[in-house]
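Student: I've got a structure to look at and I keep tripping over the vocabulary. Could you go through it with me, so that each label gets a reason?

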Amino acid sequence: MLSYVNNKFCSLHNAKISVNDRGYQFGDSVYEVIFYKDGKFLDLEGHLKRLRKSMSRIDFELNFSDSAIITIMRRLIIENNIKHGSIYIQVSRGEYSRDHSYFNMPLKPILVILPKKIKEDFKIVIPGIKVYTTFDTRWNNPDIKTTQLLPNVLAKTKAIKNGFGEALFLDKKSYVTEGSSSNFWILNENNILITRSLDGKILAGITRDSILNCAKNKNIVVKEKKISLDDIKDCKEAFITSASSFVTPVIQVDKMIINDGKVGKFSNLLRKTYLEMND
Ligand code: PMP
């Protein structure tokens, strides 16, 4: 795979990053994952905007315009002959002799862009997943998309190891914050679509935003508020959203079976609408 690593196009095999890169040593870097579907980057503008926002929240800027980044992304898609896939963008604060404080360090942010190919077509109808809940042990700013992902990595690994598709984080009062790599939604017994508000305890998902718009266009009543385990027990449907999973139905949360363990019509419809919107 041809990649773009620190100002150079090179094969993944030859890509090199310094061991003094602050992303490597401190998780001092931010990232985005953008899906590519048959000629189109999904929610491109939103992802690039959030990348800038993440950098600004942790106090650095990248000296590449959005159009320069898009030009690199397009070249990687073309040269790697990708029909469906994704682009991973990571920007670290830069490299320098290791020290916690970056004050007065002569740093230049390092941009890495890695493409990935997906073999199969995007399926509209998919099986639902089971998820388990676990306490949210992340730092207090999960709304910044940094590469400090250890709690997410551990929670997701435990999920997969135990036959679940995702781990849902719970705040101190046992309300769901979000998934380890997704936002969480329910359709309640009154057909109101609910997802947590952007209260600083979740990432402002770009797919979340698209689905909110999609639901509003379809005149679905949406509320952005906290979801309790009791809300889940009583809900009609549940699903997660992310750039890499789009809308994925959830049929079980811990021991609670949702919609008799079947994928709900509503989740299916939203997944279909989201994918068709991006045709
Ligand atoms: N929350 C977390 C913790 C995530 O890692 C992700 C995926 N990056 C999301 C939510 C969903 O965000 P998006 O829709 O922008 O992929």
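**Reading the labels**

Tutor: Let's start with helix α3: its buried residues are Ile 69, Ile 72, Met 73, Leu 76 and Ile 77. Keep in mind that this is a predicted model.

Student: How do you know that the buried residues are on the same side of α3?

Tutor: They cover an arc of only 135° around the axis, so they sit on the same side of α3. There's a general rule behind that kind of pattern: an α-helix has 3.6 residues a turn, so residues three or four places apart point the same way. The face of α3 turned away from the buried side carries the exposed residues Thr 71 and Ile 78.

Student: What span would you expect for α3, and what does the helix reach?

Tutor: With 14 residues, 66–79, the expected span at 1.5 Å a residue is 20 Å. From its first C-alpha to its last, α3 reaches 20 Å, close to that expectation.

Student: And what comes after α3?

Tutor: Asn 81 follows, and its phi is positive, near 55°. In general, most residues other than glycine have a negative phi.

Student: Which other asparagines have a positive phi?

Tutor: Asn 191 has a phi near 60°, and Asn 259 has one of about 50°. Asn 191 is in the loop between β10 and β11, while Asn 259 is in the loop between β15 and α7.

Student: Why is Asn 191 called partly exposed?

Tutor: Buried means under 20% relative accessible area and exposed means over 50%, with partly exposed in between. Asn 191 has 41%, so partly exposed is the label. Asn 259, at 33%, gets that label by the reasoning just used.

Student: Then what makes Asn 183 buried?

Tutor: Its relative accessible area is 5%, and the cut-off for buried is under 20%, so Asn 183 counts as buried. You'll find Asn 183 in strand β10.

Student: Why is the pair Asn 183 and Glu 178 called a polar contact?

Tutor: The cut-off is a pair of N or O atoms within 3.5 Å, and the two side chains have theirs at 3.4 Å, so the pair qualifies. A polar atom of the Asn 183 side chain also lies 3.2 Å from the backbone oxygen of Leu 203.

Student: Where does the ligand come in?

Tutor: It is surrounded by 19 residues, and the closest are Lys 145, Glu 178, Ile 206, Thr 207 and Ala 243. So Glu 178, the partner of Asn 183, is in that group too.

Student: Which polar side-chain atoms lie by the ligand, and at what distances?

Tutor: An N or O atom in the side chain of Lys 145 is 2.4 Å from a nitrogen atom of the ligand. For Glu 178, a polar side-chain atom lies 2.6 Å from a ligand nitrogen. For Arg 50, a polar side-chain atom lies 2.9 Å from an oxygen atom of the ligand. As for cover, the ligand taken alone exposes 390 Å², and the protein buries 93% of that.

Student: What makes strand β13 largely enclosed?

Tutor: Six of the six residues of β13 (237–242) are buried, so the strand is largely enclosed by the rest of the structure. Glu 237, Phe 239 and Thr 241 point one way, and Ala 238, Ile 240 and Ser 242 point the other way. In a regular strand, side chains alternate between the two faces of the sheet.

Student: How do you know that β13 pairs with β10 and β14?

Tutor: Pairing takes at least two bridges. β10 and β13 have five bridges and run antiparallel, and β13 and β14 also pair in the antiparallel sense over five bridges. So both pairs pass the cut-off. Leu 187 stands opposite Glu 237, and Val 250 is the bridge partner of Ala 238. A hairpin of three residues joins β13 to β14.

Student: Last one: why are β2 and β4 called edge strands?

Tutor: In the open sheet of six strands, the order is β2-β1-β6-β5-β3-β4. β2 and β4 each pair on one side only, and that earns them the name.

Key
Residues are numbered from 1 along each chain as its sequence is written. This is a predicted model: local features need pLDDT of at least 70, side-chain atom pairs count only at pLDDT 80 or more; totals for chains, interfaces and linings use all residues. Side-chain values use heavy atoms; hydrogens and water are left out. Helices (H or I, at least four residues) and strands (E, at least two) are DSSP runs, numbered from the N terminus. The expected span of a helix is 1.5 Å times one less than its number of residues. Buried means under 20% relative accessible area, exposed over 50%, partly exposed in between (1.4 Å probe, protein chains only). The arc is that of the directions from the helix axis to the C-beta atoms. A residue is near a molecule or strand if one of its heavy atoms lies within 4 Å of it. A polar contact is a pair of N or O atoms within 3.5 Å; within protein, one must be able to donate a hydrogen and the other to accept it, and residues adjacent in sequence count only if both atoms are side-chain atoms. Accessible areas come from the Shrake-Rupley method with a 1.4 Å probe; for residues, only the protein chains shown count as cover.
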